[in-house]
Amino acid sequence: RVFKSDANFFLARFDDARALYDYLSECGIIVRNRSKIALCGNTLRITIGTRQENDELIDCMSRFK
C-alpha cells in the first residue's frame, strides 16, 4: 500500500519492510525504515529522485525476492 503524499517522498507498506530495507541498502539505495513509528509498521519512506534514480529503485525492487 502506498499512502497519499504531497511531498517529495512517499510512505509505502510492505510484507517485510526490514528485508526490503536491507536489500535496497545492499543495492546502494538508501530509504528510511519507519516501522518503529506508531501506526507505521512495515513501512518505508522513499524519496522521489531523478528519473535515473527512480529507475534504479524500480529495477532493484523488481529483483527483490
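1. A residue is termed buried when its relative accessible area is under 20%, and exposed when that area is over 50%, with partly exposed in between. By this cut-off T43 counts as buried, because its relative accessible area is 0%. The model under discussion is a predicted one, and the values in the points that follow are to be read accordingly.

2. The surroundings of T43 deserve a closer description. T43 belongs to strand 3. Leaving out residues up to four places away in sequence, its contacts are F3, L11, A12, R13, A17, R32, N33, R34 and S35. The T43 side chain also reaches the backbone oxygen of C40, at 2.5 Å.

3. Two residues in the loop between strand 2 (32–33) and strand 3 call for attention on backbone geometry: L39 and N42. L39 is not a glycine, yet its phi is positive, at about 70°. N42 likewise has a positive phi, of about 60°, although it is not a glycine. As to accessibility, L39 is exposed because its relative accessible area is 84%, while N42 is partly exposed, with a value of 30%. A colleague inspecting the model may wish to view both residues together with T43, which lies in strand 3.

4. Which residues make up the largest nonpolar core? The core comprises ten residues: A17, L20, Y23, L24, I29, V31, L44, I46, L57 and C60. Helix 1 (17–26), strand 3 and helix 2 each contribute at least two of these residues. The largest share is that of helix 1, which supplies four residues.

5. Two members of this core may be examined individually. L20, in helix 1, is buried because its relative accessibility is 3%. Apart from residues up to four places away in sequence, L20 touches F14, L44, M61 and F64. The C-alpha atoms of L20 and D55 are 17 Å apart, with their positions 35 residues apart along the chain counted as a separation in sequence. V31, for its part, is in contact with Y21, L24, L44, R45 and I46, its neighbours within four places in sequence being set aside. Of these contacts of V31, L24, L44 and I46 are themselves listed in the core.

6. The largest pocket holds about 200 Å³ of space. Its lining consists of G28, I29, I30, V31, I46, T47, G49, E53, N54, E56 and L57. Two elements give two or more residues to this lining, namely strand 3 (43–47) and helix 2 (51–62). Helix 2 gives the most, with four residues. By character, the lining divides into five nonpolar, four polar and two charged residues.

7. The pocket lining and the nonpolar core share residues. I29, V31, I46 and L57 are found in the lining of the largest pocket and also in the largest nonpolar core. Both strand 3 and helix 2 are named among the elements that supply the lining, and both are also named among those that supply the core.

8. Where is F10 located? F10 is in strand 1, and it is partly exposed because its relative accessibility is 22%. Not counting residues up to four places away in sequence, F10 touches V2, F3, S5, L44, R45, I46 and I48. Among these contacts of F10, L44 and I46 are members of the largest nonpolar core. F10 and E53 are 43 residues apart in sequence, and their C-alpha atoms are 15 Å apart in space. E53 is one of the residues that line the largest pocket.

9. Is K4 buried or exposed? K4 is exposed, because its relative accessible area is 76%. K4 lies in the segment before strand 1 (9–13). The side chains of K4 and D6 are joined by a polar contact of 3.4 Å. Eleven residues separate K4 from D15 along the chain, and the distance between their C-alpha atoms is 19 Å.

Methods: Residues numbered from 1 in each chain as written. Predicted model: local features only at pLDDT ≥ 70, side-chain atom pairs only at ≥ 80, totals over all residues. Heavy atoms only, no water. 1 Å grid on protein atoms, 1.4 Å probe; cavity = no way out; pocket = protein on both sides within 12 Å on 5 of 7 lines; lining within 4 Å. Points joined across faces, edges and corners; volume = space filled by probe spheres on them. Nonpolar A, V, L, I, M, F, W, Y, C, P; charged D, E, K, R; others polar. Buried < 20%, exposed > 50% of the residue type's maximum accessible area, 1.4 Å probe, protein only. Polar contact = N/O pair within 3.5 Å; in protein donor to acceptor, adjacent residues only side chain to side chain. Contact = heavy atoms within 4.5 Å. Core = buried A, V, L, I, M, F, W, Y, C linked by side-chain atoms within 4.5 Å.
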